[in-house]
Amino acid sequence: AAGIDALAGAAHGHGLGLNRVVALGHSAGGQLAVWAAGRGLLPSGTPGADPVVPLAAVLSQAGVLDLRRAWELGLSSQAVENFLGCGPDDDPERYRLADPMQRLPLAVPVWAFHSRQDAAVPFELSERYVTAARAAGGEAELLAVPGGHMDVVDPASPAFARILTVLDRLDPDPDEACR
């Protein structure tokens, strides 16, 4: 949250526009990117609430977008419990504030890129998120890509090429952002 909001000062000093800031994150970073897009829905005073720089869109690459389900599956040696310091039933409020599934619908579109062959973060986490986001009235798209967990961050992979296609659609005139 602090890093995104720091763009406000940097933008002024470097002549950058802030009207099309896009968050992109892989795996746990995908969770953080989607969480960041929902910061405006957090109660005021909550860490990360009251964003200074709004996001225009989010691209999640094999994101952990359903923390409760990831906790149930025990992903990455209980990474969710290590991240939040407890299980979802021990501190439901902590999970409510951190889980992208609890910040629906978002005011910005979300593209969830995920491989059905991903052995680290199951495809179902993105699938469940997109289904819930759409049911809540949000704009979300699930893009099944080839490869495994790391292919979505490999610039030489077909999966990454799909991500670049969406990024290009989001900024049809890259020079305009600097005006």
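This briefing covers a four-stranded sheet, two helices that pack on it, and the residue Ala-8. The model is predicted: local features need pLDDT of at least 70, side-chain atom pairs count only at pLDDT 80 or more, and totals for chains, interfaces and linings use all residues. Residues are numbered from 1 along each chain as its sequence is written, and side-chain values use heavy atoms, with hydrogens and water left out.

**The sheet**
- The sheet is open, with four strands in the order β1-β2-β3-β4 and parallel pairing. Strands are DSSP runs (E, at least two residues), and helices are too (H or I, at least four), numbered from the N terminus. Two strands pair if DSSP finds at least two bridges between them.
- β1 (22-26) and β4 (140-144) are the edge strands, each pairing on one side only.
- On average, neighbouring strands of this sheet are turned by 15° against each other, direction ignored.
- Strands β2 (residues 57-61) and β3 (residues 110-114) run parallel and are joined by four bridges.
- Val-58 has Val-110 in β3 as its bridge partner.

**Helices on the sheet**
- Helix α3 (residues 28-37) packs on the sheet and touches β1, β2 and β3. Contact means heavy atoms within 4.5 Å.
- The direction of α3 makes about 155° with that of β1. Axes are lines fitted to C-alpha atoms, for helices over the stretch in contact, and angles run from 0 to 180 degrees between N-to-C directions.
- Helix α8 (residues 158-170) also packs there, touching β1, β2, β3 and β4. Its direction makes about 180° with that of β2.

**Ala-8**
- Ala-8 lies in helix α2 (residues 7-14).
- Leaving out residues up to four places away in sequence, Ala-8 touches Leu-18, Val-52 and Val-53.
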